[in-house]
There are 4 protein chains.
Amino acid sequence: MALQMDAAALNVFLAREFPQLGGAFTVLEAGEAGLIARLSVTEAHLRPGGTVSGPSMFALADVAVYCALLSRIGPVALAVTTNASIDFMRKPLAGRDLHAECRLLKLGRLLAVAEALIFSDGQPDPVARCSMTYAIPPARG
Amino acid sequence: MALQMDAAALNVFLAREFPQLGGAFTVLEAGEAGLIARLSVTEAHLRPGGTVSGPSMFALADVAVYCALLSRIGPVALAVTTNASIDFMRKPLAGRDLHAECRLLKLGRLLAVAEALIFSDGQPDPVARCSMTYAIPPARG
Amino acid sequence: MALQMDAAALNVFLAREFPQLGGAFTVLEAGEAGLIARLSVTEAHLRPGGTVSGPSMFALADVAVYCALLSRIGPVALAVTTNASIDFMRKPLAGRDLHAECRLLKLGRLLAVAEALIFSDGQPDPVARCSMTYAIPPARG
Amino acid sequence: MALQMDAAALNVFLAREFPQLGGAFTVLEAGEAGLIARLSVTEAHLRPGGTVSGPSMFALADVAVYCALLSRIGPVALAVTTNASIDFMRKPLAGRDLHAECRLLKLGRLLAVAEALIFSDGQPDPVARCSMTYAIPPARG
């Protein structure tokens with residue numbers, strides 16, 4: 001399926017539609033095979049021991065999956081997460097950004113399913129894995 | 001099982017150990033039957049259309065389950081979420097706080113399992129449900 | 001919402017539409033508040049150590065949630081599970097049947113969400129919890 | 001990490017320890033990169049419309065993950081599933097076997113996490129995805 005939005009277009013969309021995210025998330029790559037997004041980790045994302053919080057990892061997976069979906073169907077701001085399952089497997093490294101590698105497994109008329117692996121920059125094994133389902137609003141471009 | 005920490009003690013613990021949360025979360029009740037926690041919704045938690053973001057609901061469930069666990073085992077800052085599954089079922093009401101009703105289903109030696117329903121204040125049906133597993137560090141009080 | 005099918009009607013439906021289940025599952029109660037279903041445990045459901053297999057517990061949760069859905073929308077054989085998350089918390093007792101207590105949390109136009117607790121007969125704490133999403137085929141009624 | 005059991009050893013183990021499975025499951029490949037297991041679909045696994053039942057797919061994922069774990073830690077019959085999350089994405093083809101491709105994402109001292117994609121033979125897109133956590137009993141070889 002042809003891409004409707006590339007990384008640059010997705011970053012413009014995020015900045016315009018989600019000012020609350022404060023530029024913490026950046027799409028690094030968006031292609032046929034999947035999408036990579038980064039979370040620039042700041043003090044606000046940390047927890048005791050210098051680790052990144054679970055909700056911050058969840059937010060990264062959510063942005064990555066959302067953007068992977070939009071890269072295929074175009075800028076539909078109202079697609080919503082209906083289900084997420086996440087396994088936290090390792091402690092992220094202190095002082096490192098995180099990135100998520102996301103793959104769309106299903107793009108149906110009503111539902112899309114994707115999975116994402118989250119990595120701490122410079123660590124080969126994933127710190128978390130996540131699968132998500134998005135509901136796609138009926139009147140899509 | 002006797003409670004090790006009540007709502008007041010949990011709120012003191014959250015404020016001291018998790019300053020990054022900025023006081024957004026409050027434990028309202030902690031008892032034998034379960035725990036209720038509130039998220040004071042601010043602009044930072046919102047998404048297009050005035051709804052509360054998924055990661056904010058995830059964070060509320062995480063705090064509620066964590067506090068439900070601590071209420072039983074005492075102030076163990078290092079208990080960590082290993083798995084979470086969340087269903088987003090309804091759109092939260094605009095301009096309302098959220099609260100989570102949490103119940104501990106299992107408190108084992110190594111793992112604890114809990115579930116939480118999240119409600120928009122003033123709406124009878126839950127906006128989300130979540131189940132979480134926490135790993136408990138070996139040397140616990 | 002009025003019930004479309006009671007326990008007796010659901011059991012007739014299961015026997016007619018799902019002969020492969022071989023009568024292992026029985027709806028015990030179906031009402032406004034939820035549904036209770038039983039798995040009559042046989043040798044085929046067991047695993048080493050006399051415990052009931054995970055897939056058997058999954059199957060019980062699936063039947064319970066499916067029947068809870070049908071009790072509200074009528075005999076729609078083609079509703080399908082799209083997502084399930086299950087936590088196995090305790091070992092079922094040897095030589096005891098299991099039952100699932102199921103509650104519908106959302107009944108939307110396209111998706112339904114339910115949760116179930118699974119119990120070993122005679123044991124107060126649940127052996128497993130499960131949440132499931134069903135997709136409802138468009139032309140229902 | 002070195003493999004402790006190859007496909008042949010895993011199949012011998014399954015036949016000896018899990019006679020209830022009736023030989024329905026076969027490990028096709030077990031290596032460093034992951035494991036592939038097959039479900040020989042029979043009438044007992046079917047549902048209305050000729051599709052394979054959800055619990056059968058769950059069982060295939062469970063066997064695949066269990067064997068992937070044993071391939072690394074040796075024949076520990078008592079490792080148990082603690083959590084599973086599964087997305088059913090497409091209808092399996094009628095009259096075709098299923099196979100699962102499984103990858104171990106974490107092998108810790110106490111917990112292992114793996115994911116599996118399930119395919120209908122001859123269909124390129126996965127019919128389901130599953131992630132599972134196993135608890136590993138303390139005294140392991």
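**Exercise 1. Work out the secondary structure and overall dimensions of chain A.**

Step 1. Count the elements. Chain A has two helices and eight strands. Helices (H or I, at least four residues) and strands (E, at least two) are DSSP runs, numbered from the N terminus.

Step 2. Put the elements in order. From the N terminus on, chain A reads α-β-β-β-β-α-β-β-β-β.

Step 3. Check the size. The radius of gyration of chain A is 14 Å, close to the 14 Å of the globule rule for 141 residues, so chain A is as compact as a globular protein of that length. The radius is taken over C-alpha atoms, and the rule is 2.2 Å times the number of residues to the power 0.38. Along its principal axes, the C-alpha trace of chain A spans about 45 × 25 × 25 Å.

A note on the source: this is a predicted model, in which local features need pLDDT of at least 70, side-chain atom pairs count only at pLDDT 80 or more, and totals for chains, interfaces and linings use all residues. Residues are numbered from 1 along each chain as its sequence is written, while chains are lettered from A and ligands numbered from 1 in the order in which they are written.

**Exercise 2. Describe burial and contact range in chain A.**

Step 1. Take burial. Of the 141 residues of chain A, 48% count as buried. A residue is buried if 20 or more other C-beta atoms lie within 10 Å of its own, exposed if 12 or fewer, and partly exposed in between; C-beta atoms are placed from the backbone.

Step 2. Take contacts. Two residues are in contact if their C-beta atoms, placed from the backbone, lie within 7 Å. Consider the contacts in chain A between residues at least 6 apart in sequence: 63% of these join residues at least 24 apart.

**Exercise 3. Characterise helix 2 of chain B.**

Step 1. Test its length. Helix 2 of chain B (residues 54–73) has 20 residues and should span 28 Å at 1.5 Å a residue; its end C-alpha atoms are 29 Å apart, which agrees. The expected span is 1.5 Å times one less than the number of residues.

Step 2. Test its cover. In helix 2 of chain B, 18 of the 20 residues are buried, so the helix is mostly covered.

Step 3. Look just past its end. Gly74(B) follows helix 2 of chain B with a positive phi of about 90 degrees.

**Exercise 4. Find how chains A and B are related, and what joins them.**

Step 1. Superpose. A turn of 180 degrees and a shift of 0.0 Å along the axis lay chain A on chain B with an RMSD of 0.0 Å. The two copies are thus related as by a two-fold rotation axis. Copies are superposed by least squares on the C-alpha atoms of residues with pLDDT of at least 70 in both.

Step 2. Locate the axis. Of the residues of chain A, Ser85(A) comes closest to the axis, at 2.1 Å (C-alpha). Ser85(A) also stands opposite Ser85(B) in strand 5 of chain B.

Step 3. List the contact. Chain A gives 21 residues and chain B gives 21 residues. Strand 5 of chain A gives the most to its side, with nine residues. By class, that side of chain A has 11 nonpolar, six polar and four charged residues. Here Ala, Val, Leu, Ile, Met, Phe, Trp, Tyr, Cys and Pro count as nonpolar, Asp, Glu, Lys and Arg as charged, and the others, Gly among them, as polar.

Step 4. Compare the two sides. 100% of the interface residues of chain A are also interface residues in chain B, so the copies meet through the same surface.

Step 5. Identify the pairing. Strand 5 of chain A and strand 5 of chain B (residues 80–88) pair in the antiparallel sense over five bridges. Two strands pair if DSSP finds at least two bridges between them.

**Exercise 5. Analyse chains D and C in the same way.**

Step 1. Superpose. Chain D lies on chain C with an RMSD of 0.0 Å after a turn of 180 degrees and a shift of 0.0 Å along the axis. Ser85(D) is the residue of chain D closest to that axis, at 2.1 Å (C-alpha).

Step 2. List the contact. 21 residues of chain D touch 21 residues of chain C. Strand 5 of chain D supplies the largest share of its side, nine residues.

Step 3. Identify the pairing. Strand 5 of chain C (residues 80–88) and strand 5 of chain D pair in the antiparallel sense over five bridges. One bridge partner of note: Ile86(C) is matched by Ala84(D) in strand 5 of chain D.

**Exercise 6. Place Thr133(A) in its surroundings.**

Step 1. Assign its element. Thr133(A) lies in strand 8 of chain A (residues 128–135).

Step 2. Decide its burial. Thr133(A) has 24 C-beta neighbours inside 10 Å, so it counts as buried.

Step 3. List its contacts. Leaving aside neighbours within four places in sequence, Thr133(A) is in contact with Thr82(A), Asn83(A), Leu111(A), Val113(A), Asn83(C) and Asp87(D).
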